[in-house]
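Hello,

Here is the structure I promised to pass on to you. Have a look at it first, and then read on for what I found in it.

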Amino acid sequence: MKLLKDKVMSEGIVLGNQVLKVDSFLNHQMDPVLMKEVGKEFARHFEGEQITKVLTIESSGIAPAIMTALELGVPMIFARKNKSLTLKENILVEKVYSFTKQETNEITVSKKFLDENDRVLIVDDFLANGEAAFGLARIVEQVGAKVAGIGIVIEKSFQPGARRLKEAGYRVDSLVRIAALENGTVTFVDDQTNE
Ligand code: G4P
C-alpha cells in the first residue's frame with residue numbers, strides 16, 4: 001500500500017534493528033485519513049470472506065479495525081488487556097506473551113459478542129512474533145467461530161509471526177512488509193525482490 005509505505009518512509013523512526021517507531025500516525029497520534037484508507041484496503045482484501053465481525057486488541061489496533069469494520073458494515077470488538085470493572089462474567093480469556101515487553105497479559109472478550117456463526121477478521125497494527133494474533137484466534141475458536149483472515153498494517157517479516165500464522169493455516173494479509181530495519185533504514189520486502 002503506497003500511501004502507508006510513504007508514511008513509514010517519511011515518519012517512521014528505526015530504533016535498533018528490531019523496532020520501528022510510528023507514533024506520529026499509528027501508535028500514539030493517529031492519522032485518520034490514513035486509517036480510513038487502511039480500512040478500505042482491508043475491506044477490499046477480505047470482501048469475499050463474508051466477514052461478520054472485526055476483532056482487534058487494544059489500543060493501537062482499534063483505529064485500523066474500526067475503519068475496516070465501517071467499510072465492511074460489521075461491528076468491531078477489541079479484546080481488553082486490562083480487567084474491566086463491568087466485564088467479569090461470561091468472558092473469553094487467553095494469555096498472550098509479549099516478547100517485546102517480556103510480559104504476559106490476559107486478554108478478554110465478552111462471550112456476548114461472538115458465537116459459532118461468526119466469521120471473524122482479526123486486525124492488528126503490528127505483527128512481530130504473532131503472539132497477539134494467535135491469542136485473538138484462540139478467543140475466536142473458543143466459541144467455535146471461524147478466523148476468516150488476519151489483516152496486519154505493518155508486518156515485520158524478519159520476525160517469525162507471519163510464517164507461524166501461515167503455517168497454522170491462517171490467511172495473513174499485510175499492507176506493508178518490512179524485510180529489515182538496519183542502520184536506521186527501512187527495507188521493504190517488495191524492494192528486496194524488485195517487484
Ligand atoms: P506479537 O504480538 O506479534 O508477538 O508482538 P510483540 O508481543 O512482540 O509486541 C508487543 C507490542 O509491541 C504490541 O503492541 C506490538 O504492536 C508492538 N510492537 C512490536 N513490534 C513493534 C515495532 O517494531 N514498532 C512498534 N511501534 N510497535 C511494535 P502493544 O503492546 O499491544 O501496544 P499498543 O497496541 O497498546 O500500542
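A residue is called buried here when its relative accessible area is under 20%, and exposed when that area is over 50%. Please keep in mind that this is a predicted model.

With that cut-off, the buried residues of helix α3 are Ala63, Pro64, Ala65, Thr68 and Ala69. They pack against α2, β3 (53-57 in the chain), as well as β4 (76-79), β7 and β8 (146-156). Just after α3 comes Gly73, which takes a positive phi of about 75 degrees.

Helix α2 is a good one to look at next. It has 14 residues, and from its first C-alpha to its last it reaches 20 Å, close to the 20 Å expected at 1.5 Å a residue. Leu34, Met35, Val38, Gly39, Glu41, Phe42 and Ala43 are its buried residues. These pack against α1 (2-11), α3, β7, β8 and β9 (172-182).

So how do α2 and α3 sit against each other? Two packed helices are described by the angle between their axes and the distance between the axes. Here the axes of α2 (residues 32-45) and α3 (residues 62-72) come within 7 Å and cross at roughly 55 degrees. An angle between 35 and 65 degrees counts as oblique, so α2 is oblique to α3. The crossing of the two helices is right-handed.

On the α2 side, the residues that meet α3 are Pro32, Met35, Lys36, Val38, Gly39, Lys40, Phe42 and Ala43. Their partners in α3 are Ala63, Pro64, Met67, Thr68, Glu71 and Leu72. By type, the residues of this contact divide into nine nonpolar, two polar and three charged. Met35, Val38, Gly39, Phe42 and Ala43 appear both in the contact and among the buried residues of α2. On the other helix, Ala63, Pro64 and Thr68 likewise belong to the contact and to the buried residues of α3.

Helix α4 (residues 131-142) passes the length check too: its twelve residues should span 16 Å at 1.5 Å a residue, and its end C-alpha atoms are 16 Å apart, which agrees. Its buried residues are Glu131, Ala133, Phe134, Gly135, Leu136, Ala137, Ile139 and Val140. After α4 comes Gly144, with a positive phi near 80 degrees.

A few backbone details may interest you as well:

- The peptide bond from Glu58 to Ser59 is cis, with omega near 0 degrees. Ser59 is in the loop between β3 and α3. Leaving out residues up to four places away in sequence, Ser59 touches Met30 and Lys81. The C-alpha atoms of Ser59 and Arg80, 21 residues apart along the chain, are separated by 8.5 Å.
- Gln50 is not a glycine, yet has a positive phi of about 45 degrees. It lies in the loop between α2 and β3. With a relative accessible area of 56%, which is over 50%, Gln50 is exposed.
- Gln102 also has a positive phi, near 50 degrees, in a residue other than glycine. Its place is the loop between β5 (91-98) and β6 (103-110). Gln102 is exposed as well, with a relative accessible area of 62%.

Finally, here are two residues that you may like to click on. Is Val120, in strand β7 (residues 119-127), buried or exposed? Val120 is buried, with a relative accessible area of 0%. Not counting residues up to four places away in sequence, Val120 touches Lys53, Leu55, Leu114, Val140, Lys146, Val147, Ala148 and Gly149. Val140 is itself one of the buried residues of α4. The C-alpha atoms of Val120 and Ile150 are 30 residues apart along the chain and separated by 8.7 Å.

The other is Asn129, which lies in the loop between β7 and α4. Its relative accessibility is 14%, under the 20% cut-off, so Asn129 counts as buried. With residues up to four places away in sequence set aside, Asn129 touches Phe99, Gln159, Pro160, Gly161 and Arg164.

Do write back with any questions.

Best wishes

Technical notes: Residues numbered from 1 in each chain as written. Predicted model: local features only at pLDDT ≥ 70, side-chain atom pairs only at ≥ 80, totals over all residues. Heavy atoms only, no water. Axes fitted to C-alpha atoms, helices over the stretch in contact; angles between N-to-C directions. Helix = DSSP H or I, 4+ residues; strand = E, 2+ residues; numbered from the N terminus. Parallel < 35°, antiparallel > 145°, perpendicular 65-115°, else oblique. Left-handed = near helix turned anticlockwise from the far one by under 90°. Contact = heavy atoms within 4.5 Å. Nonpolar A, V, L, I, M, F, W, Y, C, P; charged D, E, K, R; others polar. Expected span 1.5 Å × (residues − 1). Buried < 20%, exposed > 50% of the residue type's maximum accessible area, 1.4 Å probe, protein only.
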